[in-house]
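Colleague: Let's go through this model together. I'll ask, and you reason each answer out for me.

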Amino acid sequence: MIKVDYGDIKLQAKTIKQEVSKLLTKLWENRSLGLQRLVPGMIFCVPMQLLEIDFQNIELGEFSILGLELPVSVSCLDRYENAALNKYRDSWILRWRVLEDFREESCYSHLEEYREEEVDISCPRALHRWLLRKDGSRNVGRKVTGIGFYTPYKQLAKVFRNFLVNGLPIIFWPKHSLNAADIDRLRTLLKVFPSQPLSTFMDFRIASNHDDAGPVSVLLDNPYLPPPDSEVDY
(Lines give C-alpha, C1' and ligand atoms only; values in the text may rest on other atoms or scores of the structure.)
Protein backbone atom coordinates (compact mmCIF):
# COMPACT_ATOMS: atom_id res chain seq x y z
CA MET A 1 0.00 0.00 0.00
CA ILE A 2 1.50 3.32 -1.07
CA LYS A 3 0.09 6.55 0.30
CA VAL A 4 0.49 9.54 -2.01
CA ASP A 5 -0.08 12.91 -0.32
CA TYR A 6 -1.33 15.53 -2.78
CA GLY A 7 -0.30 18.27 -0.36
CA ASP A 8 3.34 17.23 -0.61
CA ILE A 9 3.41 16.10 -4.25
CA LYS A 10 1.85 18.86 -6.32
CA LEU A 11 3.10 17.36 -9.54
CA GLN A 12 1.63 16.48 -12.89
CA ALA A 13 0.50 12.87 -13.45
CA LYS A 14 3.52 12.05 -15.63
CA THR A 15 5.95 13.30 -13.01
CA ILE A 16 4.17 11.45 -10.22
CA LYS A 17 4.34 8.20 -12.19
CA GLN A 18 8.03 8.73 -12.91
CA GLU A 19 8.88 9.33 -9.26
CA VAL A 20 6.84 6.35 -8.06
CA SER A 21 8.44 4.23 -10.79
CA LYS A 22 11.90 4.91 -9.35
CA LEU A 23 10.78 3.87 -5.88
CA LEU A 24 8.93 0.74 -6.97
CA THR A 25 11.67 -0.42 -9.34
CA LYS A 26 14.16 -0.25 -6.49
CA LEU A 27 11.86 -2.34 -4.29
CA TRP A 28 11.00 -4.73 -7.13
CA GLU A 29 14.66 -5.47 -7.86
CA ASN A 30 15.54 -5.95 -4.17
CA ARG A 31 15.90 -9.73 -3.90
CA SER A 32 15.70 -9.71 -0.11
CA LEU A 33 12.11 -8.43 -0.28
CA GLY A 34 11.03 -11.14 -2.72
CA LEU A 35 8.21 -9.10 -4.28
CA GLN A 36 8.51 -10.96 -7.59
CA ARG A 37 7.88 -14.19 -5.75
CA LEU A 38 5.15 -12.93 -3.38
CA VAL A 39 3.15 -10.97 -6.03
CA PRO A 40 1.45 -8.66 -3.49
CA GLY A 41 -1.54 -6.52 -4.39
CA MET A 42 -0.59 -2.88 -4.93
CA ILE A 43 -2.94 -0.21 -3.57
CA PHE A 44 -2.32 3.50 -4.13
CA CYS A 45 -4.09 5.55 -1.45
CA VAL A 46 -4.53 8.95 -3.06
CA PRO A 47 -6.83 11.98 -2.73
CA MET A 48 -9.64 12.42 -5.21
CA GLN A 49 -7.54 14.82 -7.29
CA LEU A 50 -5.24 11.93 -8.24
CA LEU A 51 -7.68 9.04 -8.70
CA GLU A 52 -7.66 9.36 -12.49
CA ILE A 53 -3.92 8.68 -12.79
CA ASP A 54 -3.40 5.29 -14.45
CA PHE A 55 -1.10 3.88 -11.77
CA GLN A 56 -1.24 0.44 -13.40
CA ASN A 57 0.90 1.87 -16.21
CA ILE A 58 3.88 2.83 -14.06
CA GLU A 59 7.11 1.52 -15.56
CA LEU A 60 8.79 -1.23 -13.57
CA GLY A 61 12.45 -1.69 -14.41
CA GLU A 62 13.67 -1.65 -17.99
CA PHE A 63 11.00 -3.68 -19.73
CA SER A 64 7.91 -4.26 -17.60
CA ILE A 65 4.84 -2.38 -16.35
CA LEU A 66 3.47 -2.50 -12.81
CA GLY A 67 -0.03 -3.67 -13.80
CA LEU A 68 1.40 -6.62 -15.73
CA GLU A 69 3.30 -7.89 -12.71
CA LEU A 70 1.02 -7.12 -9.76
CA PRO A 71 -2.70 -6.54 -9.10
CA VAL A 72 -3.01 -2.73 -8.99
CA SER A 73 -5.86 -0.57 -7.71
CA VAL A 74 -6.43 2.85 -6.17
CA SER A 75 -8.15 3.77 -2.93
CA CYS A 76 -9.53 7.18 -1.98
CA LEU A 77 -7.54 8.71 0.86
CA ASP A 78 -10.25 11.32 1.55
CA ARG A 79 -12.74 8.56 2.25
CA TYR A 80 -10.82 7.54 5.35
CA GLU A 81 -9.57 10.93 6.53
CA ASN A 82 -12.07 13.58 5.41
CA ALA A 83 -14.85 14.22 7.95
CA ALA A 84 -17.27 15.36 5.22
CA LEU A 85 -16.97 11.95 3.55
CA ASN A 86 -16.51 9.93 6.73
CA LYS A 87 -20.13 10.54 7.74
CA TYR A 88 -21.21 8.32 4.81
CA ARG A 89 -19.23 5.37 6.18
CA ASP A 90 -22.35 3.37 7.17
CA SER A 91 -23.61 3.29 3.58
CA TRP A 92 -20.14 2.32 2.40
CA ILE A 93 -19.90 -0.54 4.91
CA LEU A 94 -23.38 -1.84 4.01
CA ARG A 95 -22.47 -2.07 0.33
CA TRP A 96 -19.08 -3.63 1.12
CA ARG A 97 -20.72 -6.31 3.29
CA VAL A 98 -22.57 -7.64 0.24
CA LEU A 99 -19.21 -8.88 -1.05
CA GLU A 100 -18.73 -10.80 2.20
CA ASP A 101 -22.30 -12.01 2.77
CA PHE A 102 -22.79 -13.23 -0.80
CA ARG A 103 -19.20 -14.19 -1.59
CA GLU A 104 -20.26 -17.36 -3.41
CA GLU A 105 -21.90 -15.22 -6.09
CA SER A 106 -19.81 -13.73 -8.90
CA CYS A 107 -18.26 -10.29 -8.63
CA TYR A 108 -20.05 -9.34 -11.85
CA SER A 109 -23.45 -10.05 -10.26
CA HIS A 110 -22.78 -7.36 -7.64
CA LEU A 111 -21.85 -4.66 -10.17
CA GLU A 112 -23.85 -2.37 -12.45
CA GLU A 113 -22.71 -1.05 -15.81
CA TYR A 114 -23.06 2.69 -16.39
CA ARG A 115 -25.44 3.69 -19.17
CA GLU A 116 -25.79 7.40 -19.80
CA GLU A 117 -29.47 7.16 -20.66
CA GLU A 118 -30.29 5.59 -17.28
CA VAL A 119 -28.81 8.07 -14.82
CA ASP A 120 -27.15 11.46 -14.52
CA ILE A 121 -24.17 10.58 -12.32
CA SER A 122 -23.24 14.26 -11.98
CA CYS A 123 -26.17 14.57 -9.54
CA PRO A 124 -25.69 12.69 -6.24
CA ARG A 125 -29.46 12.50 -5.63
CA ALA A 126 -30.13 11.09 -9.10
CA LEU A 127 -27.39 8.54 -8.57
CA HIS A 128 -28.87 7.67 -5.16
CA ARG A 129 -32.35 7.09 -6.65
CA TRP A 130 -30.84 4.97 -9.43
CA LEU A 131 -28.98 2.83 -6.89
CA LEU A 132 -32.15 2.41 -4.83
CA ARG A 133 -33.98 1.17 -7.93
CA LYS A 134 -31.15 -1.23 -8.73
CA ASP A 135 -31.08 -2.43 -5.12
CA GLY A 136 -34.84 -2.98 -5.22
CA SER A 137 -34.58 -5.15 -8.33
CA ARG A 138 -32.35 -7.61 -6.46
CA ASN A 139 -33.09 -10.00 -3.63
CA VAL A 140 -33.09 -8.59 -0.10
CA GLY A 141 -29.65 -7.54 1.09
CA ARG A 142 -28.00 -7.74 -2.31
CA LYS A 143 -27.17 -4.08 -2.77
CA VAL A 144 -25.12 -2.81 -5.70
CA THR A 145 -21.47 -2.74 -4.67
CA GLY A 146 -19.89 -1.10 -7.69
CA ILE A 147 -20.26 0.60 -11.03
CA GLY A 148 -18.27 0.02 -14.19
CA PHE A 149 -17.62 2.02 -17.35
CA TYR A 150 -16.67 0.72 -20.78
CA THR A 151 -16.30 4.16 -22.35
CA PRO A 152 -14.51 7.14 -20.74
CA TYR A 153 -16.54 9.71 -18.83
CA LYS A 154 -15.20 13.20 -19.64
CA GLN A 155 -15.71 14.71 -16.18
CA LEU A 156 -15.00 11.66 -14.06
CA ALA A 157 -12.92 13.56 -11.50
CA LYS A 158 -15.94 15.75 -10.76
CA VAL A 159 -18.26 12.82 -10.01
CA PHE A 160 -16.02 10.64 -7.85
CA ARG A 161 -17.46 12.30 -4.76
CA ASN A 162 -20.98 11.30 -5.82
CA PHE A 163 -19.89 7.65 -5.97
CA LEU A 164 -18.26 7.90 -2.56
CA VAL A 165 -21.15 9.58 -0.72
CA ASN A 166 -23.43 6.87 -2.12
CA GLY A 167 -21.23 4.19 -0.61
CA LEU A 168 -19.90 2.48 -3.76
CA PRO A 169 -16.68 0.63 -2.88
CA ILE A 170 -15.85 -0.61 -6.41
CA ILE A 171 -15.48 1.53 -9.54
CA PHE A 172 -13.68 0.73 -12.76
CA TRP A 173 -13.22 3.00 -15.76
CA PRO A 174 -11.10 3.26 -18.93
CA LYS A 175 -9.07 6.20 -20.23
CA HIS A 176 -10.35 5.41 -23.73
CA SER A 177 -13.23 3.34 -25.10
CA LEU A 178 -12.96 -0.43 -24.99
CA ASN A 179 -13.74 -2.39 -28.13
CA ALA A 180 -16.46 -5.06 -28.19
CA ALA A 181 -13.98 -7.92 -27.71
CA ASP A 182 -12.43 -6.27 -24.65
CA ILE A 183 -15.85 -5.60 -23.14
CA ASP A 184 -16.95 -9.21 -23.59
CA ARG A 185 -13.68 -10.48 -22.17
CA LEU A 186 -13.87 -8.23 -19.13
CA ARG A 187 -17.49 -9.19 -18.44
CA THR A 188 -16.53 -12.85 -18.63
CA LEU A 189 -13.49 -12.45 -16.40
CA LEU A 190 -15.54 -10.64 -13.75
CA LYS A 191 -17.66 -13.73 -13.24
CA VAL A 192 -15.37 -14.69 -10.37
CA PHE A 193 -15.83 -14.68 -6.61
CA PRO A 194 -15.92 -11.17 -5.06
CA SER A 195 -12.61 -11.91 -3.32
CA GLN A 196 -10.80 -12.06 -6.67
CA PRO A 197 -11.57 -8.89 -8.66
CA LEU A 198 -8.02 -7.55 -8.71
CA SER A 199 -6.54 -10.74 -10.09
CA THR A 200 -9.24 -10.55 -12.77
CA PHE A 201 -8.18 -7.09 -13.85
CA MET A 202 -4.56 -8.19 -13.84
CA ASP A 203 -5.46 -11.07 -16.19
CA PHE A 204 -7.32 -8.59 -18.39
CA ARG A 205 -4.29 -6.30 -18.53
CA ILE A 206 -1.88 -9.11 -19.38
CA ALA A 207 -4.10 -10.39 -22.18
CA SER A 208 -4.50 -6.98 -23.84
CA ASN A 209 -2.65 -5.93 -26.97
CA HIS A 210 -1.49 -2.60 -25.57
CA ASP A 211 2.12 -1.56 -25.09
CA ASP A 212 1.31 -0.96 -21.44
CA ALA A 213 -1.15 -2.42 -18.92
CA GLY A 214 -4.16 -1.02 -20.78
CA PRO A 215 -6.61 1.80 -20.07
CA VAL A 216 -8.76 0.33 -17.28
CA SER A 217 -8.24 1.67 -13.76
CA VAL A 218 -9.88 0.24 -10.64
CA LEU A 219 -10.92 1.78 -7.33
CA LEU A 220 -11.38 -0.83 -4.62
CA ASP A 221 -12.12 0.73 -1.23
CA ASN A 222 -12.20 -1.69 1.68
CA PRO A 223 -13.57 0.22 4.71
CA TYR A 224 -11.69 -2.19 7.00
CA LEU A 225 -8.32 -1.59 5.35
CA PRO A 226 -7.37 2.02 6.18
CA PRO A 227 -4.22 3.58 4.71
CA PRO A 228 -1.03 3.86 6.76
CA ASP A 229 -1.20 6.50 9.51
CA SER A 230 -4.98 6.87 9.18
CA GLU A 231 -7.01 6.72 12.36
CA VAL A 232 -10.40 5.13 11.67
CA ASP A 233 -13.00 4.85 14.44
CA TYR A 234 -15.52 2.05 13.95
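Colleague: Which label fits Gln196: buried, partly exposed or exposed?

Modeller: First, this is a predicted model, where local features need pLDDT of at least 70 and side-chain atom pairs count only at pLDDT 80 or more, while totals for chains, interfaces and linings use all residues. Residues are numbered from 1 along each chain as its sequence is written, and side-chain values use heavy atoms, with hydrogens and water left out. Buried means under 20% relative accessible area, exposed means over 50%, and partly exposed is in between (1.4 Å probe, protein chains only). Gln196 comes out at 36%, so its label is partly exposed.

Colleague: And how far apart in space are Gln196 and Ser106?

Modeller: Helices (H or I, at least four residues) and strands (E, at least two) are DSSP runs, numbered from the N terminus, and Gln196 sits in the loop between α9 (180–189) and α10. Along the sequence, Gln196 and Ser106 are 90 residues apart. From C-alpha to C-alpha, though, the gap in space is 9.4 Å.

Colleague: Which residues lie nearest the centre of the largest pocket?

Modeller: On a 1 Å grid over the protein atoms alone, a pocket is an open set of points where a 1.4 Å probe fits, with protein on both sides within 12 Å along at least five of seven lines, and lining residues have an atom within 4 Å of a point. The lining here has 14 residues, and α6 (89–101) and α10 (197–207) each supply at least two of them. The ones nearest the centre are Trp96, Pro194, Ser195, Pro197 and Leu220.

Colleague: What volume does that largest pocket have?

Modeller: Grid points are joined across faces, edges and corners, and the volume is the space filled by probe spheres set on the points. For the largest pocket that gives about 250 Å³.

Colleague: Which helix gives the largest share of the lining of the second largest pocket?

Modeller: This pocket holds about 160 Å³ of space. Its lining includes Lys14, Lys17, Gln18, Ser21 and Lys22. The largest share, 5 residues, comes from α1.

Colleague: How many residues of that second lining are charged?

Modeller: Asp, Glu, Lys and Arg count as charged; Ala, Val, Leu, Ile, Met, Phe, Trp, Tyr, Cys and Pro are nonpolar, and the others, Gly among them, are polar. The lining of the second largest pocket has 1 nonpolar and 3 polar residues. The number of charged ones is 4.

Colleague: Which element gives the largest share of the largest nonpolar core?

Modeller: A nonpolar core is a set of buried Ala, Val, Leu, Ile, Met, Phe, Trp, Tyr and Cys residues joined through side-chain atoms within 4.5 Å. The largest one has 40 residues, with Phe44, Phe55, Leu66, Phe149 and Phe163 making the most contacts inside it. The largest share of this core is 6 residues, and they come from α8.

Colleague: Why is α8 said to be largely enclosed by the rest of the structure?

Modeller: Leu156, Phe160 and Phe163 are among its buried residues. The buried residues pack against several elements, including β5, α7 and β8. Helix α8 is largely enclosed because its buried residues number 7 of the 10.

Colleague: Is Ser73 buried or exposed?

Modeller: Ser73 lies in strand β5. Contact means heavy atoms within 4.5 Å, and, not counting residues up to four places away in sequence, Ser73 touches Met42, Ile43, Phe44, Leu198, Val218 and Leu220. Its relative accessible area is 2%, so Ser73 is buried.

Colleague: Which way do β2 and β5 run?

Modeller: Two strands pair if DSSP finds at least two bridges between them. There are 5 bridges joining β2 to β5, and Val46 has Cys76 as its bridge partner. The two strands run parallel.

Colleague: What about β8 and β9, which way do they run?

Modeller: Strand β9 is largely enclosed, because 5 of its 5 residues are buried. Trp173 stands opposite Ser217 in β9. With 5 bridges joining them, β8 and β9 run antiparallel.

Colleague: Last one: what phi does Val39 have?

Modeller: Most residues other than glycine have a negative phi. Val39 lies in the loop between α2 (35–38) and β2, and at 38% relative accessibility it counts as partly exposed. Although Val39 is not a glycine, its phi is positive, at about 50 degrees.
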